[in-house]
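Dear colleague,

I am passing on the structure we spoke about, with my notes below it. Please look through it before reading on.

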Amino acid sequence: MIEVRKLRKIYPGGVEAVSGIDFDVEPGEVFGLLGPNGAGKSTTIGMLTTTVAPTSGTAKVAGFDVAKHPLPARRASSVVFQEAVVDRSLTGRRNLEIHARLWGVDERESKARIDELAATLDLAELVDRPVGSYSGGERRRLEIARALVSGPRVLFLDEPTVGLDPLIRAELLDAIAGLRGRTEMTVLVTTHYLDEAERLCDRVAIIHSGRIVALDTPAALLSELGPEILELRVTGSAHAAADALRARGIAGDEAFAVGSTLTIPLRDTSSGEAIATVTDLGIATAISTRQPTLDDVYLRLTGDRLAAAA
Ligand code: ADP
C-alpha cells in the first residue's frame, strides 16, 4: 500500500533530510517511523503526502507515484498534521461535514460516517459544540475523525500525541488502537515516543539522520537485546567501565552509554553474576536490572555505541 524506494530529499541550502530510504507497508498494517527530532520523519511524510517534492527516488501510495500522480495518491490517503486544521468557531460536526463535502462524500454516507466516527473516537457528547470549547485531546480526536471522514485507504499520523499530557495521550492511543481491526486501513505513524510505537505498530522503522537504521516488528527488535538489561550509573568513564566488564565477560558489543549511564544487554550471564562483578570492580554508584524496551533498541542504534574497538 506504501512503497518507498531510494527516497531522498535535499532541501534548498543543502540539508539532506532524507538520505535514500526504502520500505514497504502492507495493506492493513500499522507502520511506525521512529526517530529523534530532525531525523527526517516529517520530510518523509511530506513526500508521501505530496507536499514535499522528492529530490530523487520514488514513493507510491495505494499504487500511485506521488511525484507523477499526486492527485490520485492524495485522494487515496488522509493526513493528521501536528498543527490543528479544524475551524475552532464551528462545531465538530460542521467541520466534519465540510470536510466530507470537500472530498465528495455524498450526504447520506457523510452523516453515517460522522455518527460512526463520533462513536468510535468518543466524540458523541461533544460533536455539536464549537471546537473552541474542546480540550487539547478532544480536538486531536476530532482531527483524526476529520482525516477519516473521507474513507481513506491510507492514514498518515504525524506525531499524533506530541504536546499532550500523559492521561490524554493514553486516551488518544486507545482511540487510535481502536481504529485497528475496524477497517482495512493502512496507517503510517511518526513518533519519537517509543512506548507508543510498541503499543500501536506491527512494524517500526528507526530513522536516524535521514537513514533507516533498523526495521522490524517491535518484538524482533527487542529480542536482539536478549532477556534482561543491566543498567549502571558509573563513577568514571563509561568506556573504561564497559572495557572492564567486557574483560570479565559481562558486556558485549551491544553495550551503550548515555552520559554516565551504562546499559548492558545480558545474554549469557545471570543478573546475579553480573551484579556481583560490578560490585567487585567498584565502578558503579547505582545498579539495576530490568526488561529491555524499545528505548534501549533505539538508544543503542542512535547513541554512543561502546564496541570493542572504542
Ligand atoms: P523530524 O520530523 O524527524 O523532526 P524533519 O523531516 O522535520 O525531521 O527534518 C529533517 C531535517 O531537515 C532537519 O535537519 C531539518 O532542519 C531539515 N528541514 C526540515 N524542513 C526543512 C526546510 N523546509 N528547509 C530546510 N531544511 C529543512
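The centres of domain 1 and domain 2, taken over C-alpha atoms, lie 40 Å apart. The domain assignment places domain 1 at 2–218 and domain 2 at 226–291. Please bear in mind that this is a predicted model.

Overall dimensions and make-up: the C-alpha trace spans about 75 × 45 × 35 Å along its principal axes. The chain contains eleven helices and 15 strands. Of contacts between residues at least 6 apart in sequence, 71% join residues at least 24 apart.

Surface and charge: the exposed area of the chain is about 14000 Å², of which carbon and sulfur atoms supply 51%. There are 35 positive and 43 negative charges, and the mean positions of the two sets are 6 Å apart.

Interior: 46% of the 310 residues count as buried. In soluble globular proteins, nonpolar side chains tend to be buried together. Here the largest nonpolar core has 47 residues, and Leu121, Ile144, Leu155 and Leu157 have the most contacts inside it. A second core, separate from that one, has 25 residues, including Val4, Val79, Leu188 and Ile207.

Which residues does Leu157 touch, leaving aside those up to four places away in sequence? They are Ile45, Val80, Ile144, Ile176, Val187, Leu188, Val189 and Thr190. One of these, Ile144, is itself among the residues with the most contacts inside the largest core, while Leu188 belongs to the second core.

Regards

Note on methods
Residues numbered from 1 in each chain as written. Predicted model: local features only at pLDDT ≥ 70, side-chain atom pairs only at ≥ 80, totals over all residues. Heavy atoms only, no water. Helix = DSSP H or I, 4+ residues; strand = E, 2+ residues; numbered from the N terminus. Buried < 20%, exposed > 50% of the residue type's maximum accessible area, 1.4 Å probe, protein only. Contact = heavy atoms within 4.5 Å. Areas by Shrake-Rupley, 256 points an atom, 1.4 Å probe, with all protein chains shown as cover. Lys, Arg positive; Asp, Glu negative; His and termini not counted. Charge placed at Lys NZ, Arg CZ, Asp CG, Glu CD. Core = buried A, V, L, I, M, F, W, Y, C linked by side-chain atoms within 4.5 Å. Domains from an automatic or database assignment.
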